[in-house]
Amino acid sequence: MESRARAFTLYELLLTLALLAILATLALPSFSILSAKNRQTTEINALFHAFHQARKESIMRHRVVSLCPSRDGMTCAGTRDWSDGWLLFYDPAGTGWPGDGIVARHTGSKSVKVAANRRLFTARGTQKRTTNGTLVFCDRDGRTAAKALVVSYTGRPRVAERRPDGSAWSCAD
């Protein structure tokens, strides 16, 4: 009994490669959208947890705690663009200057634009209300819908996929 070597023909190999190329072409845009959504969610979660931490620190330590946008991870940028990152710091004088009391810092993703209607958010514990406001998160390439992080007067954040009137968020907000 003779054994024959089994192999693919050139035709079978080319057909298989062509099918793989077609499937990869169809899957790549979906992967790109999924990747953009994950980066957007990561940035939202980072600020979401920072607001909770600011609230907790201000209540526990009876200190004013602030969040501001930062480009260098050491000072506040003084802008409403939070895309480069942010600082969480103790702010006893309420000046918006981090000084030595930086609690946390975060470097933003280059593919996510974060715009806020505030330059500084301050948690004042149980003394007074917290700074409220909205941060809008957009994919720079427009692959995903914008989402917002809405911070209430009590300092509690929530994620909103639509405005209160039902319309979509835009990156110009």
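Let's start with one residue in this predicted model: Asp-84 counts as partly exposed, because its relative accessibility is 30%, which lies between the 20% limit for buried and the 50% limit for exposed. Its salt-bridge partner is Arg-71, with the closest N and O atoms 3.6 Å apart. Both residues lie in the loop between strand S1 (65–69) and strand S2 (85–90), so the pair ties together parts that are 13 residues apart in sequence. Arg-71 itself counts as exposed, at 57% relative accessibility.

**Salt bridges**

How many salt bridges does a search of the whole structure find? The search finds five. As a reminder, side chains of opposite charge can pair when their charged atoms come close. Three of the pairs are set out here.

| Pair | N to O distance | Relative accessibility |
|---|---|---|
| Arg-71 and Asp-84 | 3.6 Å | Arg-71 57%; Asp-84 30% |
| Asp-139 and Arg-143 | 3.1 Å | Asp-139 5%; Arg-143 26% |
| Glu-161 and Lys-147 | 3.9 Å | Glu-161 53%; Lys-147 22% |

Within the second pair, Asp-139 counts as buried, while Arg-143 counts as partly exposed. In the third pair, Glu-161 is exposed and Lys-147 is partly exposed. This third pair links distant parts of the chain, with Glu-161 in the segment after S8 and Lys-147 in strand S7, 14 residues apart. There is also a network: salt bridges with shared partners join Asp-139, Asp-141 and Arg-143.

**Strand S2 and its partners**

Now back to the strand that follows Asp-84. Is S2 enclosed or open? Six of its six residues are buried, so S2 is largely enclosed by the rest of the structure. In a regular strand the side chains alternate between the two faces of the sheet. In S2, Gly-85, Leu-87 and Phe-89 point one way, and Trp-86, Leu-88 and Tyr-90 point the other way.

S1 and S2 run antiparallel and are joined by five bridges. S2 also pairs with strand S3 (residues 102–107), again in the antiparallel sense and over five bridges. Phe-89 is a handy residue to follow here: Ser-66 has Phe-89 as its bridge partner in S2, and the partner of Phe-89 in S3 is Ile-102.

**The four-stranded sheet and helix H1**

Further along the chain, four strands make an open, antiparallel sheet in the order S4-S6-S7-S8. Strand S4 (112–116) and strand S8 (157–160) each have a single partner strand, so one side of each is left without a neighbour in the sheet. From one strand to the next, the twist averages 20 degrees.

Between strand S7 (residues 147–151) and S8 there are four bridges, and the two strands run antiparallel. Val-150 stands opposite Arg-158 in S8.

Helix H1 (residues 10–61) packs on this sheet and touches S4, strand S6 (133–139), S7 and S8. The direction of H1 makes about 160 degrees with that of S6.

**A nonpolar surface patch**

Which residues form a nonpolar patch on the surface? Among them are Phe-8, Leu-10, Tyr-11, Leu-13, Leu-14, Ile-22 and Leu-26, and the patch has about 1,400 Å² of accessible area in total. Tyr-11 is found in helix H1. Tyr-11 counts as exposed because its relative accessibility is 63%, and the cut-off for exposed is over 50%.

Key:
Residues numbered from 1 in each chain as written. Predicted model: local features only at pLDDT ≥ 70, side-chain atom pairs only at ≥ 80, totals over all residues. Heavy atoms only, no water. Pairing = 2+ DSSP bridges. Axes fitted to C-alpha atoms, helices over the stretch in contact; angles between N-to-C directions. Contact = heavy atoms within 4.5 Å. Patch = residues over 30% accessible without salt bridge, like charges linked within 9 Å, V, L, I, M, F, W, Y side chains within 5 Å. Areas by Shrake-Rupley, 256 points an atom, 1.4 Å probe, with all protein chains shown as cover. Salt bridge = Lys/Arg side-chain N within 4 Å of Asp/Glu carboxyl O. Buried < 20%, exposed > 50% of the residue type's maximum accessible area, 1.4 Å probe, protein only.
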